[in-house]
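Here are a few notes to help you find your way around this model. Have a look at the structure first, then follow the points below.

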Amino acid sequence: MPVHGDERCGVEGVTAGREHAVVVIRPAAEKDLDALHGLDRRVFGKLAYPYFALRQLMDVHSRHCVVADDGRGLLGYCLGALATRPEVGWVLGLGVLPEVRGAGYGRELVAEAIRRIVADGAREVRLLVDPDNTVAIHIYEKLGFRVCGYRPDYFGPEAHRLIMTTGHRGRAARQTGEGLDARWT
C-alpha cells in the first residue's frame, strides 16, 4: 500500500514490470506535467484534459493535485479543487494506469486529495462519475461517498454523470449532527 503525504515516504510494492518499487503519494509538481498529461491521455483517451487545460488546473489547484510515483514514472493521479464556495471541494479527476489497478493507488490518491481539500476548509467533497464505471463508484463508496444526483448529458450527448458527495449534506446534516466521516476530521 502506498504512503501519502511527505515526498520522502513510501512503501515497497510489486507492480507490473516494476518489482519492489517504492510508491509515493505526493503533490504533483510542474516537472510532472508531461508525464501526467501522457497518463491522462492513456487512461481517458478522447476525454483526457487538453495539455493547456491540465496545465492551468495544476497551476490553480496545485495543492490538491497528487500523484502516485514509483521513482520511474507516474502510476496515477488525483486532481482536487476547492469551489468558489470554499466549504465545497471537488475531485475533478482520478486516473490510474491499467496495469497497476487493484493495488490501492486510486483509493490512496483520492484519500490524500480529500485530506488536502478538507484541510483547506471544505466541509463537503463532491465528484462526478460515469454511471457505468462500477469500479470507480465502488472505490468512492468505500471512501464514504454516496450518490446524491444524476446529470444527463453533463459532458455532452450521452455522457451522463452521477453526482457523489461525502461530508455535510446541507441543513439536514447539521440538524441531525451528521458531519464529515471520521476519516475527514
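1. Let's start on one side of helix α1, where Asp34 and Arg41 are exposed (over 50% relative accessible area, 1.4 Å probe, protein chains only). Helices here are DSSP runs of H or I with at least four residues, strands are E runs of at least two, and both are numbered from the N terminus.

2. On the other side, Leu33, Leu36, His37, Leu39, Asp40 and Val43 of α1 are buried, meaning under 20% relative accessible area. Viewed down the axis of α1, the buried residues lie within an arc of 160 degrees, so they line one face of the helix; the arc is taken from the directions from the helix axis to the C-beta atoms.

3. What do the buried residues of α1 pack against? Their partners are α2 (51-61), β4, β5 (74-82) and β6 (88-96), with contact meaning heavy atoms within 4.5 Å.

4. After α1 comes Gly45, with a positive phi near 55 degrees.

5. A word on confidence: this is a predicted model, in which local features need pLDDT of at least 70 and side-chain atom pairs count only at 80 or more, while totals for chains, interfaces and linings use all residues. Residues are numbered from 1 along each chain as its sequence is written, and side-chain values use heavy atoms, without hydrogens and water.

6. The mean pLDDT (the predictor's confidence in each residue, from 0 to 100) is 83 for the protein. Strand β4 (residues 65-69) has the highest mean among the elements, 98, and helix α5 (residues 171-176) the lowest, 32. Please be careful there: where pLDDT is low, the predicted coordinates should not be read in detail.
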